[in-house]
Amino acid sequence: MAQPTDEVPARLHGVHGHFSRPFPLGVAEAAPGVPDLPDAVNIAVFAPALESVDVWYTDPVGELACARLFDQTDGVHHGTVEGLRPGARYAFWAHGAELPGDGQLLVDPYARAIEEDDAGAYWGTHVETGFDWGQDRRPHVPWRDTVVYEAHVKGQTMLHPDVPEELRGTYAGFAHPAMIEYLTDLGVTTVELLPIHFHVDEPHLQELGLPNYWGYNTLGFFAPHTEYATAAARAAGPKAVQDELKGMIKLLHAAGIEVVLDVVFNHTAEGGKEQKTLSWRGLADGHYYRHTADGHYFDTTGCGNTLDFNEPAVVRMAMDSLRMWVEEYHVDGFRFDLAVSLGRDVNNHFTPQHPFLVALGASKSLTGTKLIAEPWDVAMGGWQTGRFPRGFADWNDKYRDTVREFWVADRGRLLAGEPGQSVAKLAGVLAGSREVFAPSGRGALASINFVTAHDGFTLRDLVSYDRKHNEDNGEENRDGHNHNNSFNHGVEGQTGDERVQSQRRQTASNVMATLLLSLGVPMITAGDEFGKTQEGNNNAYCQDNETTWLHWNLAGQQQAMLKTTRALLKIRREFLAGQPYTYPSREDSSYLLWFNAQGQPMPQEEWNNPDTRVVQLLLGSLSGKIDGLVVFNGGVEDVSVTMPTRLSLRDFRGNDRPLSGFELRFSTAPAAERRRGAVLHPGESDLIEANSVAVFRA
């Protein structure tokens, strides 16, 4: 594509005198009143900082042309332009201003597709958006039945042997029957995809020859990332890329699986002011970004720039983007990266009543979608877990830290003869972290329970490394978290020692059991279900290679871990199926009963005693068909545990169904496998192995 220069003639012009509209922003059908121009489109861009705006684009014969947007309304430049057909690339520039030597004009923030030309400049592309959705229906999985699976479109299938090579690492590959069968067989209900908005690599990564694999560096909030499409779709053009993504969502829906997008509205790919201007900065820097009184960027994200959600244009852009992804792509929800930055007021204080958060809850288009907050950012007052408004679920970092400490870090302390924490904190997160979410009027289902995520150690690495190993990231191992609550079980890194491998898997199984049996919404990071390793890299955002891709040739311990995860998810489904629809949101009809190792109600003095590492949890509901008993032994010794001795559920059920026995359904201790199916009566004892979780059906 030819680059714009001051010598390129303005061969086509905006159609002066014909009615145009300041809405919708971006490229749209021409307004009524221009019937004599069948190839005309309406173009609108918010650029109050510019006196007049030109649009540069490729005309019907592929030549570069320029047109002026003659009209302006409330900071929006708009006009009717002839010859900008579907497939045409376009971008904006200040009318009469000297053109950039590198050819990088200003990308339309509302571009539905973005392409890079041979010279490395980015352009928006005009795309027709129709798609045959057939009988597609959103699954609308209730929160209480939701199991989130955080995954990367590319990394999920790059090494999958049953996915055809030409589909690996793509939208089509993610929807291949082999992958859908795997996800449904595993038991997840909702895939949460790392960013698929069009994103680019930061300059410092380009200098290192590394990519931004995770994709948290957005250039287009309305455009899908092109590189995740198959080569055939990319060759066919942006419309084919969109269709492939929509086809993926359609096939996942047909299998009953929801699609949630991780969206990054807190900053853009433009970074700090020393970095290249690509779009927003050149159009309306003072409106799009937060600034200090002296004109510098006010950064709450650590990325150099922060979008200002106190500006109506920013709120509108985010809302328009979300509505488009729901209405045109049929997505089922969003996870908001560094969501606190989206709810900071003009004084930079977070408020649950922020207009953007209110708008999300009031939007008809977003009704029924899942809204998930990463409830922190990096500025003062950045930790806001539990403070988001009703309608949101929050990533629960308290859950993450508590479970890691009890099962992983404490394992190392106890084996070294040091004390660990008591069971009180563990019980709090098992019960849905009620003290965290109750002040916002929400319950356990507002808690997204997770122990690992894309950022940090994988579950296998959490039990295999005492320290991070990020040397491949090019920052001399300075990046990434240093406090991980991890424990290597005596050997740093991978080992062939089967005893160490078995110990690590048992600890990882305890974590997975706790995650899947807690009140709240569990989130599994892709690969944790079978023991994925990143060789100790806990900040693998720039590793687009086999370090981050999922390996599907599973060794013996990995097969065992996968079997454990599937079994736990099955137990979770069966238990929930035996509860009323309102469980566990109706606290007056559901119960959590805590017992000590002797089968008696847990006395107060034992809760906070660090020597107490055993607790029994009996859970169910007044009108439920089944109850569950989970026994946690976080100690280093086997313990004889007495089943709860209460002979009747009359006291807390309101009826007289007797508590006649406890059937052992599952244990993370390999030695307990031979006892599976055994039934114990109230008052009888069973040996609960050290460092294990046992699950009974009551």
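This report describes one open sheet, the helices that lie across it, and the two largest pockets of a predicted model.

## Basis

Residues are numbered from 1 along each chain as its sequence is written, and side-chain values use heavy atoms, with hydrogens and water left out. In this predicted model local features need pLDDT of at least 70 and side-chain atom pairs count only at pLDDT 80 or more, whereas totals for chains, interfaces and linings use all residues.

## Sheet and helices

Six strands (DSSP runs of E, at least two residues, numbered from the N terminus) form an open antiparallel sheet in the order E20-E21-E22-E27-E24-E25, where pairing requires at least two DSSP bridges between two strands. Strand E20 (590-595) and strand E25 (679-680) are the edges, each pairing on one side only. E25 is joined to strand E24 (residues 662-667) over two bridges, and Val679 in E25 is the bridge partner of Glu663.

Helix H14 (residues 498-517; helices are DSSP runs of H or I, at least four residues) lies across strand E22 (628-633) and strand E27 (692-697), running at about 40° to E27; this angle, from 0 to 180 degrees, is taken between N-to-C directions of axes fitted to C-alpha atoms, for helices over the stretch in contact (heavy atoms within 4.5 Å).

## Largest pockets

A pocket is an open set of points on a 1 Å grid over the protein atoms alone, where a 1.4 Å probe fits, with protein on both sides within 12 Å along at least five of seven lines; lining residues have an atom within 4 Å of a point. The largest pocket is lined by 41 residues, of which Trp214, Leu338, Asp455, His481 and Asn539 are the closest to its centre, and helix H10 (residues 397-415) gives the largest share of this lining, four residues.

The second largest pocket has 43 lining residues, with Glu116, Phe198, His199, His225 and Glu227 nearest its centre; E8 supplies the largest share of that lining, three residues.
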